[in-house]
Amino acid sequence: MSDPGIATTDLLSDYDLYLIGEGRHRDLATSLGAQCVTVDGQPGVRFALWAPNARRVAVVGNFNNWNGEHHSMRARSAGIWEIFISHMSAGDIYKYEVTGPNGLLPLRADPMARQAEIPPATGSIVAAQAAAIKPPLRRTQPPGLDKPLSIYEVHAASWMRHFNG
């Protein structure tokens with residue numbers, strides 16, 4: 001029986017999987033880790049993890065009493081595992097329960113997490129989507145030839161401290 005809060009459709013595109021498999025994906029931060037998204041009209045969190053040697057991966061946290069039986073991730077190509085959980089949102093704490101080739105490993109923090117608990121706690125936190133980064137302001141006109149021009153040159157070695165011992 002499928003959990004109604006778990007999407008059964010592919011979450012990452014075949015192109016994303018191809019680029020990750022080739023090692024040429026230029027924006028892993030938007031593909032892997034925990035992302036607040038809407039799938040089939042349901043807001044929630046999409047998790048994606050690269051774990052090529054895992055036999056099984058699950059998302060655990062307070063939302064499921066740290067029980068890996070509830071939210072097992074689905075294996076895709078290139079060693080990618082993914083799941084969408086609709087009843088999660090920004091601020092929820094989670095970890096990955098990974099079953100490796102030789103058995104269950106300790107709970108793992110998300111290597112692509114954008115937020116984490118304060119040590120000594122080690123959980124990952126679902127981060128709210130960052131606002132779009134605005135490009136820097138550009139001058140409406142380039143400076144004219146009648147304006148002063150500043151050129152700075154720095155020689156890095158001149159800033160080194162030399163101690164006489």
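## A cis proline and the β-rich fold around it

Pro120 sits in the loop between strand 7 (103-104) and strand 8 (124-125). Strands here are DSSP runs of E with at least two residues, helices are runs of H or I with at least four, and both are numbered from the N terminus. The peptide bond that leads from Pro119 to Pro120 is cis, with omega near 15 degrees.

The model is predicted, so local features need pLDDT of at least 70 and side-chain atom pairs count only at pLDDT 80 or more, while totals for chains, interfaces and linings use all residues. Residues are numbered from 1 along each chain as its sequence is written, and side-chain values use heavy atoms, with hydrogens and water left out.

### Overall layout

The protein has one helix and eight strands. Read from the N terminus, the order is α-β-β-β-β-β-β-β-β. Of its 165 residues, 35% are buried. Buried means under 20% relative accessible area, exposed means over 50%, and partly exposed lies in between (1.4 Å probe, protein chains only). The accessible surface comes to about 11,800 Å², and carbon and sulfur atoms hold 56% of it. Areas come from the Shrake-Rupley method with a 1.4 Å probe; for residues, only the protein chains shown count as cover.

Contact means heavy atoms within 4.5 Å. Among contacts with a separation of 6 or more, 62% join residues 24 or more positions apart.

### Helix 1

Which residues of helix 1 are buried? In this helix (residues 14-22), they are Asp16, Leu17, Leu19 and Ile20. They lie on the same side of helix 1, because they cover an arc of only 165 degrees around the axis. The arc is taken from the directions from the helix axis to the C-beta atoms. The face turned away from this buried side carries Asp14, Tyr15 and Gly21, which are exposed. The buried residues pack against strand 2 (42-50) and strand 5 (80-85).

### Cores

A nonpolar core is a set of buried Ala, Val, Leu, Ile, Met, Phe, Trp, Tyr and Cys residues joined through side-chain atoms within 4.5 Å. The largest one has 17 residues. Phe47, Val57, Val59, Met73, Tyr94, Tyr96 and Val126 have the most contacts inside it. Strand 2, strand 3, strand 5 and strand 6 (93-100) each supply at least two residues of this core. A second, separate core has six residues, including Ile20, Leu32, Ala48 and Ile80. In soluble globular proteins, nonpolar side chains tend to be buried together.

### Hairpin and loops

Strand 1 (residues 33-39) and strand 2 pair in the antiparallel sense over seven bridges. Two strands pair if DSSP finds at least two bridges between them. Val37 has Gly44 of strand 2 as its bridge partner. Two residues lie between the strands of this hairpin.

Positive phi values occur at these places:

| Residue | Phi | Place |
|---|---|---|
| Gly23 | about 75 degrees | just after helix 1 |
| Asp40 | about 50 degrees | loop between strand 1 and strand 2 |
| Trp66 | near 55 degrees | loop between strand 3 and strand 4 |

Asp40 is not a glycine. Asp40 counts as exposed, because its relative accessibility is 67%. Trp66 is partly exposed, at 34% relative accessible area.

Is Asn64 buried or exposed? Its relative accessibility is 5%, so Asn64 counts as buried. Asn64 belongs to the loop between strand 3 (56-61) and strand 4 (74-75). Beyond its neighbours within four places in sequence, Asn64 contacts Val59, His70 and His71.
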